[in-house]
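Here is a walk through one protein model, written for someone who would rather be at the bench. Have a look at the structure first, then read on.

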Amino acid sequence: METAETTTNELILRMEERYSKMSKGQRRLADYVRENYDKAVFLTAAKLGETVGVSESTVVRFAIQLGYKGYPGFQKALEELVRNRLNSIQRMEVTYGRISQSEILETVLQSDIDKIKQTLAVIDHKAFNLAIDTILNARKIYVIGIRSCAPLASFFSFYLNLVCDNVTPVTTNSSSEIFEQLIRIGEEDVIIGISFPRYSMRTLKALEFASNRKAKVITLTDSVHSPMNLYSSCNLIARSDMASIVDSLVAPLSVINSLIVALCMKKQKEVVSTLEMLEDIWGEYQVYSGDELNPVSTSFPQETGTDDAAGSSGSPDKNPDKGRTTSDDQPESEDTK
């Protein structure tokens with residue numbers, strides 16, 4: 001199986017295939033990009049040409065020869081390469097090098113907004129509808145997400161459990177325990193795998209195992225080139241990026257929200273019935289407090305002294321000393337101090 005780095009390295013492959021037909025200036029560009037992709041990604045066409053020692057027009061022709069629609073298309077492919085090849089330390093250095101402290105909030109929030117817009121533009125509606133039907137028709141639903149994707153998997157599993165029966169979150173990071181949880185998966189079941197760069201090998205192995213057992217596989221990942229899609233016939237693409245050392249998972253969470261809402265609409269009567277039953281249970285067992293400011297004092301009377309003994313008979317005794325022996329008097333006196 002190919003690694004995440006080789007399966008997403010489309011730009012490098014294009015440069016290698018066309019290298020022999022390039023001019024000397026274009027070869028210098030290809031060599032620079034290969035060795036300094038983490039720096040080249042932030043350069044304009046003019047700045048890249050100046051750095052390498054060629055004209056801006058040579059840079060644009062270089063991008064077109066690689067099959068991109070001008071320099072912006074080339075730069076987008078370069079961003080894809082950088083996202084998958086840089087490690088966490090390198091990404092943090094790049095981020096801190098281009099964002100000032102005063103711009104952090106605006107930059108991160110705007111980046112998240114952009115990721116949602118990009119996801120809306122590229123997501124496959126047929127795949128989305130197929131995912132809904134597959135989940136509804138599955139005998140058992142498994143959800144797996146490892147490391148930074150674990151909160152997404154947990155969130156998805158929580159709400160799926162309100163809509164569907166037999167939802168199993170695969171919650172462990174141990175490879176052997178993952179297979180133990182998936183041991184009974186079969187062709188009537190579905191597994192939903194969530195992973196973004198840098199892709200989790202444990203998640204990939206779990207999807208491979210499920211695919212070999214002929215289970216249906218749904219993936220939520222960042223690109224059509226993701227190795228997650230090797231085992232899936234239903235691929236949901238959501239844009240993700242890393243700001244500093246933090247994965248931006250806003251767009252994937254929005255896709256999960258959409259899946260949950262769509263499933264609720266398909267099973268509206270069942271969901272309403274489930275929620276009505278849960279409301280009764282929450283009220284009976286005081287899951288949610290009616291008074292957030294003082295929940296304990298309003299829900300439970302404060303225990304004082306020997307009142308519990310008196311109250312347990314159903315009504316307070318007018319003479320609390322009635323029927324007590326001398327040996328009881330001393331503990332009672334200590335309690336009331």
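## Ground rules

Helices (H or I, at least four residues) and strands (E, at least two) are DSSP runs, numbered from the N terminus. With that in hand, Lys214 can be placed in the loop between α13 (201–212) and β4.

This is a predicted model, so local features need pLDDT of at least 70 and side-chain atom pairs count only at pLDDT 80 or more, while totals for chains, interfaces and linings use all residues. Residues are numbered from 1 along each chain as its sequence is written, and side-chain values use heavy atoms, with hydrogens and water left out.

## How far to trust it

pLDDT is the predictor's confidence in each residue, from 0 to 100. The protein chain has a mean pLDDT of 80, with 74% of its residues at 70 or more. Among the elements, strand β3 (residues 190–194) has the highest mean, 97, and helix α1 (residues 4–7) the lowest, 35. Around that helix, pLDDT is below 50 over residues 1–8, a stretch with 13 contacts in the model beyond near neighbours in sequence. A contact here means heavy atoms within 4.5 Å.

Residues 309–316 also stay under 50 in pLDDT, and the model has three contacts for them beyond four places in sequence.

## The overall picture

The protein chain holds 18 helices and seven strands. Of its 337 residues, 38% count as buried; that means under 20% relative accessible area, with exposed over 50% and partly exposed in between (1.4 Å probe, protein chains only). Among contacts with a separation of 6 or more, 68% are between residues 24 or more positions apart.

## The greasy middle

In soluble globular proteins, nonpolar side chains tend to be buried together. A nonpolar core, as used here, is a set of buried Ala, Val, Leu, Ile, Met, Phe, Trp, Tyr and Cys residues joined through side-chain atoms within 4.5 Å. The largest one has 34 residues, and the members touching the most others are Ile135, Ile141, Phe156, Leu160, Ile194 and Leu236. At least two residues each come from α10 (125–137), β1 (141–145), α11 (150–163), β3, β4 (216–221), β5 (234–237) and α14 (250–266). The top contributor is α14, with six residues. Another core, of 27 residues, lies apart from this one and includes Ala40, Val41, Tyr68 and Val82.

What does Ile135 touch, leaving aside its neighbours within four places in sequence? Its contacts are Ile141, Phe156, Leu160, Cys164, Ile192, Ile218 and Leu263.

## Helices that pack

Two packed helices are described by the angle between their axes and the distance between the axes. The axes are lines fitted to C-alpha atoms, for helices over the stretch in contact, and the angles run from 0 to 180 degrees between N-to-C directions. Angles under 35 degrees count as roughly parallel, over 145 as roughly antiparallel, 65 to 115 as roughly perpendicular and the rest as oblique.

For α10 and α14 the angle is about 55° and the axes are 10 Å apart, so the two are oblique to each other. On the α10 side, Phe128, Ala131, Ile132, Asp133, Ile135 and Leu136 meet Val255, Ser258, Leu259, Ala262, Leu263 and Lys266 in α14. Over at α3 (residues 24–35) and α5 (residues 45–52), the angle is about 100°, with axes 10 Å apart, so this pair is roughly perpendicular. There, Arg28, Leu29 and Tyr32 in α3 meet Leu48, Thr51 and Val52 in α5.

## A few residues worth a click

Is Ser223 buried or exposed? Ser223 is buried, with a relative accessible area of 4%, and is found in the loop between β4 and β5. Not counting residues up to four places away in sequence, Ser223 touches Glu80, Asn229 and Ile237. Thr168, in strand β2 (residues 167–170), is buried too, at 18%. Beyond four places in sequence, Thr168 is in contact with Lys140, Ile141, Tyr142 and Val143.

Most residues other than glycine have a negative phi, and most peptide bonds are trans. Asn166 is not a glycine but has a positive phi of about 60°; Asn166 sits in the loop between α11 and β2 and is partly exposed at 48% relative accessible area. Lys214, not a glycine either, has a positive phi of about 65° and counts as exposed at 62% relative accessibility.
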